[in-house]
Amino acid sequence: MTLWTEALDAGPLWMRTGLLALASTLGALVLALPAGWALARRRGGLLLGLVLALAVLPTSLSAIGWIAAFGTQGLLPLPWLYSPAGVALAWTLCFWPLLALGVWGALSCGEAAEEEAALLALPSWRVALGVVLPKALPALAAAAVGVAILMLGDLGVPGSLSVPVGAEAVHARFSSTFRASAALGASLPMMALAFLLAWLCRGGWRGLASPASDRGAKGLEGISRTAYAVAWVLALGSLLIPAWGLAGWALQGGGFTKALALLGREGVTTLLLAVATGLGAAGLGFAVCVLLPRLSGAAALGAVLLFAAPGTLVGAGLIRLFNAEGWRGALYASPAVLLIALLARSLAPALLLARRSLASLPASYDEAARLCGIPRWRRAMSLAGPLCAGSLVAGALAAAVIAAGELGASALVSPPGVQTLAVRLFSLIHYGADAAVAATALMGMTFVLLLGFGISRKIRA
Amino acid sequence: MISLFSVTVLKGAKAALSRCDLQVQKGAFVSLLGPSGAGKTTLLRTIAGFERPASGTVSIDARDLSGIPPHRRGVSMVFQDLALWPHLSVEGNLLLALSGAGLTRPQRRARAAEALARWGLRGMEARTPDQLSGGERQRLALARAWGMGKPVLLLDEPASALDRPAREALLEEVLKARREENLTVLYVTHQQDEALRVSDRIVVLMDGQVVQSGTRDDLMDRPASAAVSGFLGGGG
């Protein structure tokens, strides 16, 4: 089959996936609005940490959690969980915290004076619906589209539920043929749709990238208090329900003992790869932004594409690139190719954070140094680096978490004897999830929760 | 001598400087006056090499500065926001600035100590900029610029955040440094009375063009236009 017939053949599949992503995004938006509002207006440190932890939790882990809650042996069994509707439910529950961070950015664009002027004439709920939300609409749409694009490229949820939609279908097609054109062809309709949506929302991205520090009018505090309470309920529910399901499951068959054995090998591999990826992504992102500032926009676009595209496509591309004779072959046979795959998939947040942080520095800092004749590398090491350290650390942590949960690319390029925990869990869950999987997922969630609080402290700093 | 000949600098489609001509004699203290948006800061930034002219030439001592990077132009500058590096101590700011000057480490330390003493910052070496008062921050910015030992000093409203006595004290220090080391000083300010009092020459910019240049008496007795007269009369 040619690339185009593959693409045309996959069209109906992506239409179905697109509709699922649309429904899930709308559902996630409903859940995300209170949390986003509360974060923008009240800046609760604990709430931010919790939402952030849930947002960075790999979908492969969250999906196992929701299977534990709503699966056949779960707390509240839903017979339709292993269907497209189940994917939509799981996507909604997995992605609302990430969307809440986008809503936070979108709602931070408001100004207190505008809202206070409206409050003189209107009740607070009408100001919220008629002034605050419409002003944030472009950025809200951009955030929602961003999350929808991530859903389209997500393997964790449909893969764990074994429902052939989206990236799971790409993965299945590539796994059966091992042709990169099959992965690319099957991904093309989705990528075209994602490009189109991202382009249509281009104005909103700018709004998200430059939020004001204004916390809005005090007259809207009643709404903020309600939103804060709702956000806490949702965030705790999203943490405790799957955690409870996982704990019950894990305790049934000595899961924690088995999980420790699992963590011993794949856990250490994952940790080492995640640390290397985090450091590499933060270093690479910073170097690109400082040394090649004119190319950083294009680099950011490329990194976002690699992040949002189905991981299978990235893995297939790497196989095509490195499965050859000579040094490429040597690289392909080593864990380095896995590191390259993880770097490609997780560079985006590190690069974007570095870029944004550097852009926020006054230009005069660098100009003063240039007047003194300080070379570029020294300015990067002595000025830009220390001044952006918080964002670089946050970017490194985000990249490390993404790397730890990455599935699509790492499942394909892992050399013999080297496997990440996410890939191992993904394989195990297809053979029938057992207590060890639940216990491992629970420990993974705990680790990410701690990391989320760490990142939130950096962001607030 | 600093010379600008028919310099035009574009900011997007708008000309921030438009066919601007200016000559500043060596060792002179010249103040740049003008309403906001007149192009005063752009003029300093063009001399420093941060703005590239769309046309015209900038030269210092008959050396055309086209394509010359900022640190090879023989100028130092105090920025409007002072541009003190917030994560470094007072001494760290000076040492990092001097690290590009081709000095050995002991020479850098000696020069930094000299700058600290010269600008009244001795004993504050370990403080960071946010631990300094407004006046001390201005002095640190001046010390950093002075420490570079360049013959031209560009001052972009360095004392705008200070009260009058502190501003005047700082200006006296600048004048003293200029006398002792024959510095050429270009001083952007909104304080007309100060500019008229201390400057050898005053340049009035409006809409990106030099509309008048002369001594205090020239400006007060023979303003070039009603706009200059109105500006000087209204702001003094």
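This is a short tour of a predicted model with chains A and B, one selection at a time.

Before you click, note that residues count from 1 along each chain as its sequence is written, while chains are lettered from A and ligands numbered from 1 in the order in which they are written. As the model is predicted, local features need pLDDT of at least 70 and side-chain atom pairs count only at pLDDT 80 or more, while totals for chains, interfaces and linings use all residues.

**Stop 1: chain B as a whole**

Select chain B and colour it by secondary structure: there are eight helices and 10 strands. Here helices (H or I, at least four residues) and strands (E, at least two) are DSSP runs, numbered from the N terminus. The radius of gyration of chain B is 18 Å, close to the 18 Å from the globule rule for 236 residues, so chain B is as compact as a globular protein of that length. That radius is taken over C-alpha atoms, and the rule is 2.2 Å times the number of residues to the power 0.38. Turn the C-alpha trace along its principal axes and you will see spans of about 55 × 40 × 35 Å.

Of the 236 residues in chain B, 41% are buried. Buried stands for 20 or more other C-beta atoms within 10 Å of a residue's own, exposed for 12 or fewer, and partly exposed for anything in between, with C-beta atoms placed from the backbone. Contacts, too, rest on C-beta atoms placed from the backbone, which must lie within 7 Å. Among contacts in chain B between residues at least 6 apart in sequence, 64% join residues at least 24 apart.

**Stop 2: the two domains of chain B**

Now colour residues 2-74 and 150-235 as domain 1 of chain B, and 84-144 as domain 2. Such bounds come from an automatic or database domain assignment. The centres of these two domains, taken over C-alpha atoms, are separated by 26 Å. Their contact takes eight residues from domain 1 and six residues from domain 2. On the domain 1 side, seven residues are nonpolar, one is polar and none is charged. For these classes, Ala, Val, Leu, Ile, Met, Phe, Trp, Tyr, Cys and Pro count as nonpolar, Asp, Glu, Lys and Arg as charged, and the others, Gly among them, as polar.

**Stop 3: helix α4 of chain B**

Select residues 134-147 of chain B, which form helix α4. At 1.5 Å a residue, its 14 residues should span 20 Å, and the end C-alpha atoms are indeed 20 Å apart; the expected span is 1.5 Å times one less than the number of residues. How much of α4(B) is buried? The count is 10 of the 14 residues, so the helix is largely enclosed by the rest of the structure. Among the buried ones are B:R139, B:L140 and B:W146. Show what covers them, and you will find elements of chain B including β6 (75-78), α2 (90-98), α3 (105-118), β7 (152-156) and α5 (164-181). After α4(B) comes B:G149, with a positive phi near 70°.

**Stop 4: where B touches A**

Bring chain A back into view. The contact takes 17 residues from chain B and 15 residues from chain A. On the chain B side, β6 and α2 each supply at least two residues. That side has 11 nonpolar, five polar and one charged residues.

**Stop 5: the domains of chain A**

Colour 1-252 of chain A as domain 1 and 254-433 as domain 2. Their C-alpha centres lie 22 Å apart, and the contact takes 27 residues from domain 1 and 25 residues from domain 2. On the domain 1 side, α9(A) gives the most, with six residues. That side divides into 19 nonpolar, eight polar and no charged residues.

**Stop 6: the core and two single residues**

Where does the largest nonpolar core have its most contacts? Try A:V51, A:L99 and A:A438, in a core of 245 residues. A nonpolar core is a set of buried Ala, Val, Leu, Ile, Met, Phe, Trp, Tyr and Cys residues joined through C-beta atoms within 7 Å. Helix α6 (residues 124-152) of chain A gives the most to this core, with 18 residues. Centre on A:L99 and, leaving aside neighbours within four places in sequence, you will find contacts with A:A28, A:L29, A:A32, A:A143, A:A144 and A:V147.

Next, go to A:Y228 in helix α11 (residues 221-252) of chain A. A:Y228 is partly exposed, with 19 other C-beta atoms within 10 Å. A:Y228 and A:A35 are 193 residues apart in sequence and 6.5 Å apart in space, C-alpha to C-alpha.

Finish at A:L272 in helix α12 (residues 255-291) of chain A. A:L272 counts as partly exposed, with 13 C-beta neighbours inside 10 Å.

Methods: Two residues are in contact if their C-beta atoms, placed from the backbone, lie within 7 Å.
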